[in-house]
Amino acid sequence: MSRVYDDERLAGAYERGNELPEGSLRAWVELIASHARRPSPSIVEIGSGTGIFSAAMARWIEGSGVVGVDASEAMLAEARRHHPHPAVRYLSGEAEALPAATGAFDLALMSRVIHHIPDRARAARELVRVLRAGGRAIIRTTFRERLDAVVYDYWPRLRAIDERRFPGEEEVVADFVSAGLTLEEVTSFAQPVAANLMEYHARLVGRPQSKFTHLTDEEFRRGLVRLETAAGNEALDTPRPVLERYDVAVFSRS
Ligand SMILES: C[S@@+](CC[C@H](N)C(=O)[O-])C[C@H]1O[C@@H](n2cnc3c(N)ncnc32)[C@H](O)[C@@H]1O
């Protein structure tokens, strides 16, 4: 199946446009690590993209071993280039058929990937298969009912597009619970993704996210001009960090 992240241009632009401030990335890793039930956990990141999270987990979760699995060869190539780490292996594979042994992992992370997976129920059954008893699966996304990103201020049509692309909390929980996982918690919070609008503009100029493929070149350009104007005005005022909302759903395997 052809997927949006097979596009080498998008894979090449992803890294620069989706970097996180170190403090935000560290906070994520601490949150993920807090769900590990054993020291030196074995971790799988499903849809590991350019490896931002896989490498950060290997770096900051002591003794961990990480397998980053992605369906896109172009994204895997970017991960091996930008985020190599001796404790990370990047493997080609699909969420619905993971290249891993049964019971291989203590933790599974799916960050910004749940809306890309065509067969979510099958992916949930795969999670049950590859997690050990007591293992945890962490879904990092924004559920449809809480979409409120700054990006919609500049590209308003994206909101309706994302409302069609992103699943709601109940749908995801239903699929994962049907597969045999237990819902532990759902939390939701906003965090800084850029220091100010100028930096945010610099990130997005390369059209680094799949959502932008749903816009025409002209729509994208007009939104970028709106963002650039706002960034220019902000420079005269007091710049504020750009926040993005994420939901985190944690499931356990009994
Ligand atoms: C938005 S990126 C997220 C990358 C990374 N997890 C992050 O948070 O920065 C989504 C990634 O999921 C991958 N992906 C999409 N569908 C997939 C599937 N069914 N199985 C495995 N990977 C998939 C894409 O190739 C892409 O690299």
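## Around the ligand and strand E7

A nitrogen atom of the ligand has a backbone N or O atom of Ala 71 at 3.3 Å, a polar contact (a pair of N or O atoms within 3.5 Å; within protein, one must be able to donate a hydrogen and the other to accept it, and residues adjacent in sequence count only if both atoms are side-chain atoms). The protein covers 97% of the 600 Å² of accessible area that the ligand has on its own; such areas come from the Shrake-Rupley method with a 1.4 Å probe, and for residues only the protein chains shown count as cover.

Before we go on, please note that this is a predicted model, in which local features need pLDDT of at least 70 and side-chain atom pairs count only at pLDDT 80 or more, while totals for chains, interfaces and linings use all residues. Residues are numbered from 1 along each chain as its sequence is written, and side-chain values use heavy atoms, with hydrogens and water left out.

Here are the polar contacts to nitrogen atoms of the ligand.

| Residue | Atom in the residue | Distance |
|---|---|---|
| Gly 47 | polar backbone atom | 2.7 Å |
| Ala 71 | backbone N or O atom | 3.3 Å |
| Glu 96 | polar side-chain atom | 3.2 Å |

There are 21 residues around the ligand, and Glu 45, Gly 47, Asp 70, Ala 95 and Ser 111 come nearest; a residue belongs here if one of its heavy atoms lies within 4 Å of the molecule. By class, this shell holds eight nonpolar, seven polar and six charged residues. Nonpolar here means Ala, Val, Leu, Ile, Met, Phe, Trp, Tyr, Cys and Pro; Asp, Glu, Lys and Arg are charged, and the others, Gly among them, are polar.

Let us stay with Glu 96. Its place is the loop between strand E3 (88-92) and strand E4 (105-111); strands (E, at least two residues) and helices (H or I, at least four) are DSSP runs, numbered from the N terminus. Glu 96 counts as buried because its relative accessibility is 10%, and buried means under 20% relative accessible area (1.4 Å probe, protein chains only). Leaving aside neighbours within four places in sequence, the contacts of Glu 96 (heavy atoms within 4.5 Å) include Ile 117, Asp 119 and Arg 122.

Now to strand E7 (residues 242-253): nine of its twelve residues are buried, so this strand is largely enclosed by the rest of the structure. Strand E5 (residues 131-141) pairs with E7 in the antiparallel sense over six bridges, and strand E6 (residues 181-194) does so over twelve bridges; pairing requires at least two DSSP bridges between the strands. Val 248 in E7 is the bridge partner of Arg 140 and also stands opposite Thr 187.

Definitions and conventions: Buried < 20%, exposed > 50% of the residue type's maximum accessible area, 1.4 Å probe, protein only.
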